[in-house]
Amino acid sequence: MTDDSLTGPFRAGEQVLFIDRKGRRYLVVLQQGGSFQTHAGLVPHDDVIGAMEGTEFGSSGSAKFDVFRPTLADLVLKQPRGAQVIYPKDLGPMLMLADIEPGARVFETGLGSGALSSTLLRAGAEIVGYELREDFARRAVQNVERALGPAALERYDVHIRDAYQPIEHRDFDRIVLDLPEPWQVVEHLTPEVLHPGGILVAYTPSVTQVMRLHRALDAAGFAMTETVEIMQRTWHVDGQAVRPDHRMVAHTGFLTHGRYRGPSAA
């Protein structure tokens with residue numbers, strides 16, 4: 001997105017969030033002449049276009065909605081997807097573990113919905129992505145463009161390829177993996193693919209995957225290998241009544257990361 005898309009009045013063609021009084025969120029693309037419709041009535045898009053963020057709108061059925069621009073976390077959870085999405089609670093830590101900075105050259109595989117790609121690109125990375133399924137690759141590109149705008153695609157080079165085969169591209173600073181058998185990617189890493197000192201981060205749902213990945217990383221010459229799990233628990237705060245919420249987002253996946261020393265250290 002460009003900087004001017006973050007402020008100012010709403011414009012036709014941009015995505016906005018309608019938030020009702022129960023906190024439910026609805027992602028809508030504003031269109032002239034269109035309307036946002038729920039069981040509680042409708043809100044004409046023309047009423048929203050030209051208004052500022054945080055404005056309250058009433059529906060024809062007397063429901064109330066606040067309207068804001070979506071955050072990247074909102075887009076990740078609401079965007080169309082075929083594969084299971086990585087949740088925002090894991091995406092933020094993955095950025096830190098991979099030490100993503102503007103200009104970092106990243107190899108990503110298992111593109112899925114493009115949620116991880118959008119997060120990496122938003123932080124300034126330049127991505128070469130491998131995806132085996134053409135429909136997933138197409139959806140990832142579409143979701144990246146919706147979330148970040150067409151300019152982001154200049155840093156998003158997607159290929160329909162099997163990442164378990166030797167990697168054809170070279171000269172990466174970071175490797176970020178979200179696929180069932182990441183150890184099959186690790187075995188193809190060389191100093192020509194990943195710079196010594198480079199970082200690998202992998203997202204895996206099961207602990208058996210973590211065990212096999214650790215063995216592969218050790219054999220490939222990685223150091224400082226670590227696996228973490230991120231838990232997210234919200235709190236109920238109502239005056240003096242303060243307590244943890246009864247429900248939380250617990251296990252989603254394990255994040256494994258390590259630094260590459262090269263084959264001589266294996």
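Strands, in this report, are DSSP runs of E with at least two residues, numbered from the N terminus. In this predicted model, M224 lies in one such run, strand β12, which covers residues 222–229.

## Overall architecture

The secondary structure of the protein chain comprises seven helices and 15 strands. Measured out along the principal axes, the C-alpha trace spans about 70 × 45 × 30 Å. Of the 266 residues in the protein chain, 44% are buried. Among contacts between residues at least 6 apart in sequence, 59% join residues at least 24 apart.

The surface that the protein chain exposes amounts to about 13400 Å², and carbon and sulfur atoms supply 52% of that area. The charged side chains number 27 positive and 34 negative, with the centres of the two sets 6 Å apart.

## Salt bridges

Side chains of opposite charge can pair when their charged atoms come close. The structure holds ten salt bridges, and three of them are set out below.

| Salt bridge | Closest N to O distance |
|---|---|
| R69 and E14 | 2.8 Å |
| D20 and R24 | 2.7 Å |
| D74 and R25 | 2.7 Å |

R69 and E14 form a salt bridge with their closest N and O atoms 2.8 Å apart. This pair links distant parts of the chain: R69 belongs to the loop between β6 (64–68) and α2 (72–78), whereas E14 belongs to the segment before β1 (15–20), and the two are 55 residues apart. Both R69 and E14 are buried.

In the salt bridge between D20 and R24, the N to O distance is 2.7 Å. D20 has a relative accessible area of 10% and is therefore buried. R24, by contrast, counts as partly exposed because its relative accessibility is 38%.

The salt bridge between D74 and R25 has its closest N and O atoms 2.7 Å apart. Here too the pair links distant parts of the chain, with D74 in helix α2 and R25 in strand β2 (residues 25–29), 49 residues apart. D74 is buried, because its relative accessible area is 10%. R25 has a relative accessible area of 40% and so is partly exposed. Elsewhere, salt bridges that share partners join E14, E53 and R69 into one network.

## Helix α4

Helix α4, residues 115–122, is mostly covered, seven of its eight residues being buried. The buried residues of α4 are A115, L116, S117, S118, T119, L120 and L121. Just after α4, G124 takes a positive phi of about 105 degrees.

## Positive phi outside glycine

Most residues other than glycine have a negative phi. S62 has a positive value, with phi near 75 degrees. This residue, S62, is found in the loop between β5 (56–58) and β6. S62 counts as exposed because its relative accessibility is 62%.

M224, in strand β12, likewise has a positive phi, near 55 degrees, and is a residue other than glycine. The relative accessibility of M224 is 61%, and the residue therefore counts as exposed.

## Exposed positions in strands β11 and β13

P196 lies in strand β11, which covers residues 194–204. With a relative accessibility of 54%, P196 counts as exposed, because the cut-off for that class is over 50%. Leaving aside neighbours within four places in sequence, P196 is in contact with P191, Y260 and R261. The C-alpha atoms of P196 and G221 are 9.7 Å apart in space, and the two residues are 25 residues apart in sequence.

W235, V237 and V242 make a nonpolar surface patch of about 320 Å². One of these residues, V237, is found in strand β13 (residues 235–238). V237 counts as exposed because its relative accessibility is 61%.

Note on methods. Residues numbered from 1 in each chain as written. Predicted model: local features only at pLDDT ≥ 70, side-chain atom pairs only at ≥ 80, totals over all residues. Heavy atoms only, no water. Patch = residues over 30% accessible without salt bridge, like charges linked within 9 Å, V, L, I, M, F, W, Y side chains within 5 Å. Areas by Shrake-Rupley, 256 points an atom, 1.4 Å probe, with all protein chains shown as cover. Salt bridge = Lys/Arg side-chain N within 4 Å of Asp/Glu carboxyl O. Helix = DSSP H or I, 4+ residues; strand = E, 2+ residues; numbered from the N terminus. Buried < 20%, exposed > 50% of the residue type's maximum accessible area, 1.4 Å probe, protein only. Contact = heavy atoms within 4.5 Å. Lys, Arg positive; Asp, Glu negative; His and termini not counted. Charge placed at Lys NZ, Arg CZ, Asp CG, Glu CD.
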